[in-house]
Amino acid sequence: MAEQKKAPLLKKEEDYVKALEGFITPDKDQVALLLDYDGTLAPLTEELSVMPKDTEINIKKLAANDKIFMVVFSGRELSEIKNHLKFPNVTYAGNHGLEVEYPSGKKFKIEMPEELLEKHNKLVTELKEKVVCSGAWVEDKKISVTYHYKGVNDKLKTKLIADAKGLIQGHGFQLIETPYALEGKPRVNWDKGEGAKMILEKQFDADWAKNLKIIYVGDDTTDEDAIKVLHGIGKTFRVSELPTLKTYANYQIKTVEEVGWLLKAVQSFYEKKKKI
């Protein structure tokens, strides 16, 4: 049974190469590279932000490699993340995998119950009306919602947090507390773990876990669902600056910029192959 615990923190570029040594055989393995966008590939902001230049360069190289199946996840709508990146050869998963589009143009979408969508929209509206001020903001993930309060002064923070907790729980959502944020998740059997499984099964059939080398990178509590599903199957990485982080992931990455080091390390295995 997987347990959340403190994972080794990768500190130097060479640590990323060591973490992947023996895992990828470039001329043999099919690799599935599953990447969250906001807070992982790019800084988390209200509007979609740009990736660091080195990350973008290596994403383009890896996406062009026919041995790599790349998925970019976002809590935002599919059209928003796809139009922002516009990379070919990438599978885009919006709304945590509820909407998916493959490079071939093939799409699928899972409809959430209308009653749940109404409850979600009411919660988002009330959070925006009642607790958004002084730098606090609401991230509408379509299936879940996050209330961010980092930067709010201490005088306001206590009351805003209490009010936000009351709204989330009052609408029947599961409350998850994280540093500087509150997550509201619906009580349904859907999360990024289910999304990841479905995407891989549709692309590689039911035996995907036996036939792939999987790398997953994410920064959020919602990513922990996918990381847990992939525990013992692939290499998983959680992005967080928290020194006390407990995670299902194999490794911790401190910053968005250092995610670029991981992508560079993956690419280095293919660069070595070319030189041989």
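In this predicted model, S74 is buried, its relative accessible area being 0%. The residue sits in the loop that runs between β3 (68-73) and α3 (78-85). Setting aside neighbours within four places in sequence, the contacts of S74 are D36, D38, I81, A93, G94, N95 and H96. Three of these names return in the description of the cavities: D36 and D38 belong to the residues closest to the centre of the largest cavity, while H96 helps to line the second largest one.

Turning to the enclosed spaces, a search of the whole structure yields two cavities of 30 Å³ or more. The largest has a volume of about 80 Å³. Its lining comprises 13 residues, of which D36, D38, E139, K141 and D220 lie closest to the centre. Sorted by class, this lining holds eight charged residues, four polar ones and one nonpolar residue.

The second largest cavity has a volume of about 60 Å³. Its walls are formed by H96, I143, S144, K185, P186, W190, D191, K192, T222 and D225. Here the classes divide into four charged, three polar and three nonpolar residues. It is worth a look at where these residues come from: domain 1 (5-110 + 190-269) and domain 2 (114-186) each supply at least three residues to the lining of this second cavity.

The aromatic side chains make a good next stop. A pair of aromatic rings is described by the distance of the centres and the angle of the planes. The structure contains seven aromatic pairs. One of them joins F73 and Y216 in a tilted arrangement, at 6.1 Å centre to centre and with 50° between the planes. This pair bridges distant parts of the chain, since F73 belongs to strand β3 and Y216 to strand β11 (residues 213-218), 143 residues apart. Both F73 and Y216 are buried.

A further pair is made by Y147 and Y149, whose ring centres lie 6.3 Å apart; their planes meet at 40°, so this pair too is tilted. Y147 counts as buried because its relative accessibility is 0%. Y149 is also counted as buried, because its relative accessibility of 10% falls under the 20% limit. Elsewhere, ring pairs connect F69, Y102, F108 and F204 into a cluster.

How values were computed: Residues are numbered from 1 along each chain as its sequence is written. This is a predicted model: local features need pLDDT of at least 70, side-chain atom pairs count only at pLDDT 80 or more; totals for chains, interfaces and linings use all residues. Side-chain values use heavy atoms; hydrogens and water are left out. On a 1 Å grid over the protein atoms alone, a cavity is a set of points where a 1.4 Å probe fits but cannot get out, and a pocket is an open set with protein on both sides within 12 Å along at least five of seven lines; lining residues have an atom within 4 Å of a point. Grid points are joined across faces, edges and corners, and a volume is the space filled by probe spheres set on the points. Ala, Val, Leu, Ile, Met, Phe, Trp, Tyr, Cys and Pro count as nonpolar, Asp, Glu, Lys and Arg as charged, and the others, Gly among them, as polar. Domain bounds come from an automatic or database domain assignment. Helices (H or I, at least four residues) and strands (E, at least two) are DSSP runs, numbered from the N terminus. Buried means under 20% relative accessible area, exposed over 50%, partly exposed in between (1.4 Å probe, protein chains only). Contact means heavy atoms within 4.5 Å. Rings of Phe, Tyr and Trp (its six-membered ring) pair if their centres lie within 6.5 Å; planes under 30 degrees apart count as stacked, over 60 as edge-to-face and the rest as tilted.
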